[in-house]
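Biologist: Please take a close look at one part of this structure, the strand pairing by the N-terminal side, and then carry on to the rings and the empty spaces. What do you find there?

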Amino acid sequence: MKLLALKIIYLLLCIGLSNYLWAQSLVDDANLSLSTSSNSNTFAETIKIISSSKKIFILTNNNQQLGAGDFVSLAVGENLAARALVVKTHQEQVGIKILKIYSLAQWSRLRRDQEVQIVKGDDSAFGKKQEKKVEETANTRIKSEEDLFSGEVISEDELGNVDEGKARNIKPDNLVSLSGAYFEANEVKSRGGKMKQPMFGLSWAYQFTDNYFIEGVYGRALLDNYPSDETQTLVNQVVARIKYNFKGPAYTFFMPYLGFQNYTISSPDAGKGLSASQNQEELDVINQLKKSGPVFGVTFLRRLVPGWFIKADLGSDIMNVGFSIEF
């Protein structure tokens, strides 16, 4: 009897211990599964490029988990910085558009070549409530990669309370431009007509306060066989301008300006011919080129891609076309 009782007790202990171990294994597997599931949407990538406005980022896609249309969050350490949408993928890199700033302090820490945590999809595991309204708004407004260049995809209010010069139509302080035009000069009476030569210009505009720019312009033209054969005349133009920037439709900007210009002329061989009357005519046309005084006009800008514009100056000082870059 005793032996039978001991066998029964032993059998019950084995069954109980087996059930406990099996149950513990199931719980461990479940916890592991949950842990893996919760972390499978979090991985590390590196920031490669940040636009001047910090609304567009280019990231690596080394994990090959990001595709166009994915909603992601950027985190520094264990703190979320911003919510974004993947708009373009290309050669193991992705372009994202910032939709929401979670933490200004964390967002300001983002730098080029910095490794950050990417949370794909739901980011509630980081303790942040998902902003469905922002995502729905983005879905209705972002249709293609062209919307990366649009300031209308997400309104400034949806970006949070970020002081990045909201009153500015162009956010960066500097605009550098290269342009080309035609310079006209009257010929001497004996030749008649006008001389036309290309004139190339370089300008730098600085935004010293919201939408107000101060600009310096330098233009140069070299006139061959002017004012007579086998002579050259060098024309240098310097202009100082004050501009105000207005935002127009379709990524355009209009900048009326007032300023002051000065032309300096170098023509060492002018007026050294054999005829006194011809010499005087040459000196007269050279003196006509020497001018200075106030100018006015308008600069037209059309954004091509982030940071780049096509530019045209239409003014009393010059009419030209060219390209500008902001930084």
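Modeller: Start with strand β2 and its pairing to strand β5, residues 93-101: five bridges join them, and they run antiparallel. (Strands are DSSP E runs of at least two residues, helices H or I runs of at least four, numbered from the N terminus; two strands pair at two or more DSSP bridges.) This is a predicted model, where local features need pLDDT of at least 70 and side-chain atom pairs pLDDT 80 or more, while totals for chains, interfaces and linings use all residues. Residues are numbered from 1 along each chain as its sequence is written, and side-chain values use heavy atoms, without hydrogens or water.

One contact of this pairing is easy to find: Ile56 has Lys97 in β5 as its bridge partner. On another side, β2 pairs with strand β1, residues 42-50, through three bridges, also in antiparallel fashion. There Ile58 of β2 stands opposite Ile49. Strand β2 covers residues 56-60, and four of its five residues are buried, so the rest of the structure largely encloses it. (Buried is under 20% relative accessible area, exposed over 50%, partly exposed in between, with a 1.4 Å probe and protein chains only.)

Now the turn. β1 and β2 make a hairpin with five residues between them. Lys54 is in that turn, and its phi is positive, about 60°. The side chain of Lys54 also has a partner: its charged end sits over the ring of Trp107, 4.8 Å from the ring centre. (The rule is NZ of Lys or CZ of Arg within 6 Å of the centre and within 35 degrees of the ring normal.) Elsewhere, Arg241 has its charged end over the ring of Tyr257, 4.2 Å from the centre.

Rings also pair with rings. The whole structure holds six aromatic pairs. (Ring centres of Phe, Tyr or Trp, the last by its six-membered ring, lie within 6.5 Å; planes under 30 degrees apart are stacked, over 60 edge-to-face, the rest tilted.) Take Phe183 and Tyr263: the centres are 6.0 Å apart and the planes meet at 45°, so this pair is tilted. Phe183 belongs to strand β7, residues 174-186, and Tyr263 to strand β12, residues 252-266. The pair thus links distant parts of the chain, 80 residues apart. Phe183 is buried at 6% relative accessible area. Tyr263 is buried at 6% too.

Tyr244 and Phe246 give an edge-to-face pair, with 4.8 Å between centres and 70° between planes. Tyr244 is partly exposed at 27%, and Phe246 is partly exposed at 45%. Both belong to a cluster linked by ring pairs, which also takes in Phe208 and Tyr212.

Phe183 and Tyr263 turn up again at a pocket. The second largest pocket holds about 220 Å³ of space. Its lining counts 13 residues, and Phe183, Glu184, Ala185, Tyr263 and Lys291 are the closest to its centre. β7 gives the largest share of this lining, five residues. Helix α4, residues 276-289, also supplies at least two, as does β7.

Closed spaces come next. (On a 1 Å grid over the protein atoms alone, a cavity is a set of points where a 1.4 Å probe fits but cannot get out; a pocket is an open set with protein on both sides within 12 Å along at least five of seven lines; lining residues have an atom within 4 Å of a point. Points join across faces, edges and corners, and a volume is the space filled by probe spheres set on them.) There are four cavities of 30 Å³ or more. The largest has a volume of about 90 Å³. Of its 16 lining residues, Ser179, Gly201, Val217, Ile318 and Asn320 lie nearest the centre. β7, β8, β9, β10 and β14 each give two or more residues to this lining. β8 gives the most, with five.

The second largest cavity has a volume of about 50 Å³. Among the residues that line it are Leu175, Ser177, Ala205, Glu215 and Lys243. β7 returns here, and β7 and β13, residues 292-305, each supply at least two lining residues.

Strand β13 also holds Pro294. Pro294 is exposed, at 70% relative accessibility. Its C-alpha atom is 7.4 Å from that of Leu258, 36 residues away along the chain.
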